[in-house]
Amino acid sequence: MKEEVKAYVVTSGKGGVGKTTVTANIGAALALLGYKVVLVDADVGLRNLDLVLGLENKIIFDVSDVIEGRCRSYKQALIKDKRFNQGSLYLLPAPQTKQKEDIEPQAFKNVIQEIKNDFDFIFIDCPAGIEHGFKMSVYAADEAIVVTTPDLSSIRDADRVIATLESLERFSPKLVINRLKKHMLKKSQMLSVEDILETLKIDLLGIIPDDEYITISTNHGEPVVLNKSKPLAKYFINIAKRLVDPSVSIENPFNDSNLIEKIVSLVGIRKKL
């Protein structure tokens, strides 16, 4: 019997933290691992997921066309990324000429529920903030991944999003820390992983170190994980593996032998609170 398929909302609160890039690369990594994955862009009017994937020229229909009956089914609006052979990766784009309020949360959720019948993973790329687009994305999701960078404004907004998710009493959000810079950590110019976890008090899913290659790959419309020779790829692949099997260890980007032990300790403390 097939396990229940879950839709993950990928959110941040603050814009500009790399949420869309993280969404694209986690989905791409799972496709490389052999899974059928759909990435749903919920940023109505300001879509970018198609650019990050390099699929912007292939869009004919979007999620609003599905909801409003201009497609025979959601499958007609899906765009397949033909670079993936082991599994499959598809994009369901957001409309560019609509307002977020034009899409009803229940109608959006109905589309997500239908997709679950045919795929292994669904990721909803949530717009920044906690307004209608956030509420619509969260309403359709079963699990939540919060992306933050190690700066105070990002962490404050992430904390607000986490509180909102936990207030619904059906989410146990997981954290991805993006753009961690080794040289700044050494000089104590940036919050550490431990500092962030002590503040946000949710379990860590993975760490993505800062790397200029992410800008190059994004501008080329090519997920980082397609170039496994790049060190950055393994961190996204590690997150994908941990979604499949939570017992997989977190990939440690800074060769700190005590880091994972500290993380485990922090998780244990939180569970006792």
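Q: Helices, of at least four residues, and strands, of at least two, are DSSP runs numbered from the N terminus. With elements named in this way, between which helix and which strand does the loop that holds tyrosine 74 lie?
A: The model is a predicted one. In it, the protein has eleven helices and eight strands. Tyrosine 74 belongs to a loop, and the elements on either side of that loop are helix H3 (63–67) and strand E3 (79–81).

Q: Is tyrosine 74 buried or exposed?
A: A residue counts as buried under 20% relative accessible area and as exposed over 50%. The relative accessible area of tyrosine 74 is 2%, so this residue is buried.

Q: Which residues does tyrosine 74 touch, leaving aside those up to four places away in sequence?
A: A contact requires heavy atoms within 4.5 Å. With residues up to four places away in sequence set aside, the partners of tyrosine 74 are Val66, Val111, Glu114, Ile115, Asp118 and Phe119.

Q: What distance separates the C-alpha atoms of tyrosine 74 and leucine 92?
A: Tyrosine 74 and leucine 92 are 18 residues apart along the chain. In space, the separation of their C-alpha atoms is 8.3 Å.

Q: Which residues does glutamine 76 touch, not counting those up to four places away in sequence?
A: Glutamine 76 is also placed in the loop between H3 and E3. Its relative accessible area is 28%, and glutamine 76 is therefore partly exposed. The C-alpha atoms of glutamine 76 and aspartate 65, eleven residues apart along the chain, are separated by 9.6 Å. Outside the four-place window in sequence, glutamine 76 touches Phe61 and Cys71.

Q: Where do the buried residues of H8 lie when viewed down its axis?
A: In helix H8 (residues 193–200), the buried residues are Val193, Glu194, Ile196, Leu197 and Leu200. Seen down the axis of H8, these residues fall within an arc of 160°, so they line one face of the helix.

Q: Why can residues three or four places apart in an α-helix point the same way?
A: The buried set of H8 includes Val193, Ile196, Leu197 and Leu200. The general reason for such alignment is that residues three or four places apart point the same way because an α-helix has, per turn, 3.6 residues.

Q: What is the relative accessible area of lysine 201, the residue that follows H8?
A: Lysine 201 has a positive phi of about 55° although it is not a glycine. Its place is in the loop between H8 and strand E8 (203–209). Lysine 201 is partly exposed, because its relative accessible area is 47%.

Q: In which strand is arginine 179, another residue with a positive phi, found?
A: Arginine 179 is not a glycine, yet its phi is positive, at about 60°. With a relative accessible area of 33%, arginine 179 is partly exposed. The strand that contains arginine 179 is E7 (residues 174–180).

Q: What radius of gyration does the protein have?
A: The C-alpha atoms fill a box of roughly 55 × 40 × 40 Å along the principal axes. For 273 residues, a compact globule would have a radius of gyration near 19 Å; the protein agrees with this, having 18 Å.

Q: What share of the exposed area do carbon and sulfur atoms supply?
A: Buried residues make up 53% of the 273 residues. The protein exposes about 12900 Å², and the share from carbon and sulfur atoms is 46%.

Q: How far apart are the centres of the positive and negative side chains?
A: The protein carries 37 positive and 37 negative side chains. The distance between the centres of the two sets is 3 Å.

How values were computed: Residues are numbered from 1 along each chain as its sequence is written. This is a predicted model: local features need pLDDT of at least 70, side-chain atom pairs count only at pLDDT 80 or more; totals for chains, interfaces and linings use all residues. Side-chain values use heavy atoms; hydrogens and water are left out. The radius of gyration is taken over C-alpha atoms; the globule rule is 2.2 Å times the number of residues to the power 0.38. Buried means under 20% relative accessible area, exposed over 50%, partly exposed in between (1.4 Å probe, protein chains only). Accessible areas come from the Shrake-Rupley method with a 1.4 Å probe; for residues, only the protein chains shown count as cover. Lys and Arg count as positive and Asp and Glu as negative; His and the chain ends are not counted. The place of a charge is taken as NZ of Lys, CZ of Arg, CG of Asp or CD of Glu. The arc is that of the directions from the helix axis to the C-beta atoms.
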